[in-house]
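User: Hi! Could you walk me through how the labels on this model follow from the numbers?
Analyst: Happy to. Here is the structure, and then we can take the labels in turn.
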Amino acid sequence: MASKAPPQNLPLSQAITIAAQAIGEVISGRSLTQVLEELEPQERPIVQSITFDTFRRWTRSHALIKEFVPKPPSKPVEHVLAVAITLLLDRTDVAKKGYATHTIVNESVSACGQYDETIYAKGLMNAVLRKVSAALDAQGINRPDHNSVGESYFPPWWIANLRKNYPKAWQSICLQQSQRPPLTLRVNRRAISLIDYATILQAAQIEAESIEQVANVGLDAALVIKEPIPVASIPGFFDGLVSVQDAGAQLAAALLCPMTGERVLDMCAAPGGKSAHLLESADIDLVAIDVDRERLKRVSETFGRLKLSAAPGQTIECITADAAALGWWDKRPFDKILIDAPCSASGIVSRHPDIPFLRRADDIAELQGRQRSLLEAGWRVLKEGGLLLYITCSIFPEEGKDQAEWFMAGRQNALRLDAPGQILPGHLHDGFYYALFKKIGP
Ligand SMILES: C[S@@+](CC[C@H](N)C(=O)[O-])C[C@H]1O[C@@H](n2cnc3c(N)ncnc32)[C@H](O)[C@@H]1O
């Protein structure tokens, strides 16, 4: 089972420098995914892991910076401090490298020495990290704080939204979203059965468990790996045996339930996770659309890696277009439609801990407008008797429940079918909203 060897590790000081710069870019408004994509392949895994953890530890590391640095440092120095303190907080975490204190201190000081903006702070870095590490050792580093709402950063408007909509659960939601997510796989059942793939994992001494359902919807291809490993080390990943996909996202194919010969539309397809799952489930005619040309390329790459191609007599089309504008439509209606709409992504913060830094309160109304246009357009191109599945990876009702209610209001030809509605983030899956509609008249 050939998998590419994991890339060589970068010296820690360099990883700290790049992670601190990546954090600066996110704070100035760029998505971490984009920033990471621009890195060299050997830089990406370690920088991603350090940066993600720094965002997950944000409130704690910044409280420590405030406590131990007398005068607010410049932003570049603050970011190196945040990274270094996160590494100190993670020293005893077995799932991580668990660098020794002196390594973290020395490498962070050396990271400071690499750039003009931070070179002046080498002495400060050394002194502060030594004090912080001593204080953490005295307190017991990983003392769990059950009253906390987690250590990730959430802006005040975000917290206010959750408090209002989930008066009992909002704290546990925030806590859950500060944790590292599980590594969940979707087995490509066209290539291998769940049982056979589980045997391959066992032979590779990778402990895994199947996830049989989420929100009472049965799953038949989901496996969670107990100790997360790099993607490059997942057996058969590059041979297309599996994909990495959250269990909550695997509900889409289960709910839409594509059947042989059906014409299926994915209106927001990139990077192709759910489309690929549909193709793994049945021989369908698929139209996969995305407005973002670059992202759409990843859909074909995903299909290529998984060796998914059109069955005889059927087609797979990938189209760059605004799906809501219908200029792309050939007037042939669809049996089934998936709208995995653009949204705040507030349900997937544990996988994308930069999201709370990037969203603004007024994004939500704008996203609602885009989601509604996609719903309207999808309904127009759906066959009578067809199904439309609306999904967001959000936990804000404005993008979920409110949208489903708006959609149903006054629409005589829509029947709402059973679907989970709001799924809150849990230890085995992210947060999603699912609504399923059937078109029962012209
Ligand atoms: C949540 S992501 C989709 C994830 C994808 N379904 C998957 O499972 O891999 C939303 C996608 O919608 C696309 N998008 C946003 N507005 C769109 C529009 N008007 N028409 C088509 N695609 C759109 C974005 O470029 C983005 O790739």
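User: How many disulfides does the structure hold?
Analyst: Zero. A disulfide here is a pair of cysteine sulfur atoms within 2.5 Å. Take C268: the nearest cysteine sulfur, that of C343, lies 10.0 Å away, and C268 is in no disulfide. C318 is in no disulfide either, the nearest cysteine sulfur being that of C268 at 14 Å. Before we go on, this is a predicted model, in which local features need pLDDT of at least 70 and side-chain atom pairs count only at pLDDT 80 or more, while totals for chains, interfaces and linings use all residues. Residues are numbered from 1 along each chain as its sequence is written, and side-chain values use heavy atoms, with hydrogens and water left out.

User: Why is C268 called buried?
Analyst: Buried means under 20% relative accessible area, exposed means over 50%, and partly exposed is in between (1.4 Å probe, protein chains only). C268 has a relative accessible area of 15%, so the residue counts as buried.

User: And what makes C318 partly exposed?
Analyst: The relative accessible area of C318 is 31%, so the label is partly exposed.

User: Why is α5 called roughly parallel to α8?
Analyst: Helices are DSSP runs of H or I with at least four residues, strands are runs of E with at least two, and both are numbered from the N terminus. The axes of α5 (residues 75-89) and α8 (residues 122-139) come within 10 Å and cross at roughly 30°. Angles under 35 degrees count as roughly parallel, over 145 as roughly antiparallel, 65 to 115 as roughly perpendicular and the rest as oblique. That makes α5 roughly parallel to α8.

User: Which residues make that contact?
Analyst: Contact means heavy atoms within 4.5 Å. Among them are V77, L81 and L88 of α5, and L124, V128 and L136 of α8.

User: How do you know that β12 and β13 pair?
Analyst: Two strands pair if DSSP finds at least two bridges between them. β12 and β13 (residues 432-439) have seven bridges, in the antiparallel sense. Q422 stands opposite Y433 in β13.

User: What makes β9 and β12 edge strands?
Analyst: Each pairs on one side only. Their open sheet has seven strands in the order β9-β8-β7-β10-β11-β13-β12, with mixed pairing.

Key:
Axes fitted to C-alpha atoms, helices over the stretch in contact; angles between N-to-C directions.
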